[in-house]
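Got the structure open in your viewer? Switch to cartoon view and keep the selection box handy.

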Amino acid sequence: MYKQSLQLLGFLFTLLLVSCAKTVTESQPIPENVVKQKDLCPIISSDKWHAWLDKYNQKEGSFRLNVSGELTLPNPAYHIEWTAGPIDRMYPPGLRLLLKPKKRDGMSIQVITDVPTSYQMDTPISRYRYVSIYCEGVELAKIENVVLTD
């Protein structure tokens, strides 16, 4: 009788634990900051940023914006894509450049790597108040007073 009571008690205890446990469909949604972690910028640091304008051909009102810098990435398996973002309406204008590091498929050595990067863009503008470089909403650098060089 005592043994049967213990078995019944054990069974009821197990049933109680199982009924209290949440199933996957009943669990709370994953917090937004956890979901977005895979989209965060992998750039560890950046420095040595330079920006300048040059006149690469004789066409009137044709200039080229040049930006260069150095990124520290978690491994060498990243390819950097640049995109010109919005230009503000001030004169001279300010420009936002957006970096999007894309991880290449395949294996890569896991070593922190300094990678030089550069961007060129044709523009009719002969001076920028600033050029800001962003990665996933984080400002990496702001280069003030970008002017035409000789």
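Here is a short walk through one sheet and the core. Keep in mind that this is a predicted model.

**Stop one: the sheet.** Look for an open sheet built from four strands, ordered 3-4-6-7, with mixed pairing. Select 78-87 and 138-147 to see the edges: these are strand 3 and strand 7, and each has a pairing partner on one side only. On average, neighbouring strands here are turned by 20° against each other, direction ignored.

**Stop two: strands 3 and 4.** Now add residues 94-103, which are strand 4. Strands 3 and 4 make a hairpin, with six residues between them. They run antiparallel and are joined by eight bridges. To see one of the pairs, pick Ile80, whose bridge partner in strand 4 is Pro101.

**Stop three: strands 4 and 6.** Select 127-135 for strand 6, which pairs with strand 4 in the parallel sense over six bridges. Show Arg96 and you'll find Ser132 of strand 6 opposite. Do likewise with Leu98, which faces Tyr134 across the pairing.

**Stop four: the core.** Which residues touch the most other members of the largest nonpolar core? Show Trp49, Leu65, Val67, Trp82, Leu99 and Ile133 as sticks: they do, out of 24 residues in that core. Strands 1 to 7 each give two or more residues to this core, and strand 2 gives the most, with five.

**Last stop: Leu99.** Centre on Leu99 and, leaving aside neighbours within four places in sequence, look at its contacts, including Ile43, Trp49, Leu71, Trp82, Ile133 and Leu140. Glu81 and Glu136 are among its contacts as well.

Conventions
Residues numbered from 1 in each chain as written. Predicted model: local features only at pLDDT ≥ 70, side-chain atom pairs only at ≥ 80, totals over all residues. Heavy atoms only, no water. Pairing = 2+ DSSP bridges. Axes fitted to C-alpha atoms, helices over the stretch in contact; angles between N-to-C directions. Core = buried A, V, L, I, M, F, W, Y, C linked by side-chain atoms within 4.5 Å. Buried < 20%, exposed > 50% of the residue type's maximum accessible area, 1.4 Å probe, protein only. Contact = heavy atoms within 4.5 Å.
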